[in-house]
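Biologist: I am new to this model and would like to go through it by question and answer. Please show it first.

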Amino acid sequence: MAIREILVVPNPVLKQVSEPVAAVTDELRALMDDMLETMYAAPGIGLAAVQVGVPQRVIVMDLARDGEEPQPRYYVNPEILWASEETAPYEEGCLSVPEIYDEVERPSQVKLKYLNYQGEAVVEEAEGLFAVCIQHEMDHLDGVLFIDHLSRLKREQAIRKVKKLVKAA
Ligand code: K2U
Ligand code: ZN
């Protein structure tokens, strides 16, 4: 396993639409293992493959709280089958937009289908933080960042702040 570089705005790779995965192979599982190690080291609770420069429709996640046993989750070619009309706000952040946090409104429940780590088809319902995180990560697969849901002014302020942060690092 290896920790990979997490791309940050305004890297154009983050705006790419990721390609579907043809098959869940040992090579893809090695990528997911690296993504999970990279996410834990960040630290974060979710990560999309495009954030480590691989524009493929792959997401990893772990919603276990501090002190709980890790509960790694893997989503290959995830699709949302249904989303509730009811929405809920959540203060989001993003490893590709460091030190920027703002409220985003999203459907409070979603039903998704995906391939798991073994390549098996799964249908799962999500609510709460799971629903927020999976929708945030699936945005990444379509080249959308959470700041794209904010006003143009807030988005431009965020990108300027990240550029300064990276320059000072
Ligand atoms: O995509 C990412 O950069 C991963 C995000 C996932 C996330 C974003 C918004 C809301 C929930 C999850 C990072 O994990 S951001 C860090 C974080 C950590 C705990 C709770 C919320 C955000
Ligand atoms: Zn993100």
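Biologist: From a polar backbone atom of which residue is an oxygen atom of ligand 1 2.6 Å away?

Modeller: This is a predicted model, in which local features need pLDDT of at least 70, side-chain atom pairs count only at pLDDT 80 or more, and totals for chains, interfaces and linings use all residues. Residues are numbered from 1 along each chain as its sequence is written, chains are lettered from A and ligands numbered from 1 in the order in which they are written, and side-chain values use heavy atoms, with hydrogens and water left out. Ile 45, Gly 46, Leu 95, His 136 and Glu 137 are the closest of the 15 residues that surround ligand 1, where near means a heavy atom within 4 Å. The backbone atom 2.6 Å from the ligand oxygen belongs to Leu 95.

Biologist: How much of ligand 1 does the protein bury?

Modeller: Besides the backbone of Leu 95, two side chains put polar atoms by ligand oxygens: His 136 at 3.0 Å and His 140 at 3.2 Å. Taken alone, ligand 1 exposes 470 Å², an area from the Shrake-Rupley method with a 1.4 Å probe; for residues, only the protein chains shown count as cover. Of the ligand's area, the protein buries 85%.

Biologist: Which element gives the most residues to the shell around ligand 1?

Modeller: The space that ligand 1 takes is the largest pocket. A pocket is found on a 1 Å grid over the protein atoms alone, as an open set of points with protein on both sides within 12 Å along at least five of seven lines; a molecule sits in it if more than half of its atoms lie within 2 Å of its grid points. E4 and H2 each supply at least two residues of the shell, helices (H or I, at least four residues) and strands (E, at least two) being DSSP runs numbered from the N terminus. With 6 residues, the one that gives the most is H2.

Biologist: Which residues coordinate the zinc ion, ligand 2?

Modeller: Donors are N, O and S atoms within 2.8 Å of the metal (3.2 Å for Na, K and Ca), and water is not among the atoms, so sites may look incomplete. Along the chain, the donors of this ion follow the spacing C-x41-H-x3-H. At 2.1 to 2.2 Å, the coordinating residues are Cys 94 (SG), His 136 (NE2) and His 140 (NE2).

Biologist: How many residues apart are Cys 94 and His 136?

Modeller: Cys 94 is in the loop between strand E4 (87-92) and strand E5 (102-107), while His 136 is in helix H2 (residues 128-141). Both of these residues are buried, which means under 20% relative accessible area; exposed is over 50% and partly exposed is in between (1.4 Å probe, protein chains only). The pair links distant parts of the chain, and the separation in residues is 42.

Biologist: Which residue has its side chain joined to that of Arg 57 by a polar contact?

Modeller: Arg 57 lies in the loop between E1 and strand E2 (58-62), and it counts as buried because its relative accessible area is 15%. A polar contact is a pair of N or O atoms within 3.5 Å; within protein, one must be able to donate a hydrogen and the other to accept it, and residues adjacent in sequence count only if both atoms are side-chain atoms. At 2.9 Å, the partner of Arg 57 is Asp 142.

Biologist: Is Glu 99 buried or partly exposed?

Modeller: Glu 99 lies in the loop between E4 and E5. Its phi is positive, about 65°, although Glu 99 is not a glycine. Most residues other than glycine have a negative phi. Because its relative accessible area is 48%, Glu 99 is partly exposed.

Biologist: How far apart in space are Tyr 114 and Asn 77, C-alpha to C-alpha?

Modeller: Asn 77, in strand E3 (residues 72-83), also has a positive phi, of about 50°. Tyr 114 is in strand E6 and is buried, with a relative accessible area of 10%. The two are 37 residues apart in sequence. In space, their C-alpha atoms are separated by 5.5 Å.

Biologist: Which residue does a cis peptide bond join to Ala 42?

Modeller: Most peptide bonds are trans. The bond from Val 9 to Pro 10 is cis, with omega near 5°. For the bond from Ala 42, omega is about -5°. The residue joined to Ala 42 lies in the loop between H1 and strand E1 (46-48), and it is Pro 43.

Notes:
On a 1 Å grid over the protein atoms alone, a cavity is a set of points where a 1.4 Å probe fits but cannot get out, and a pocket is an open set with protein on both sides within 12 Å along at least five of seven lines; lining residues have an atom within 4 Å of a point.
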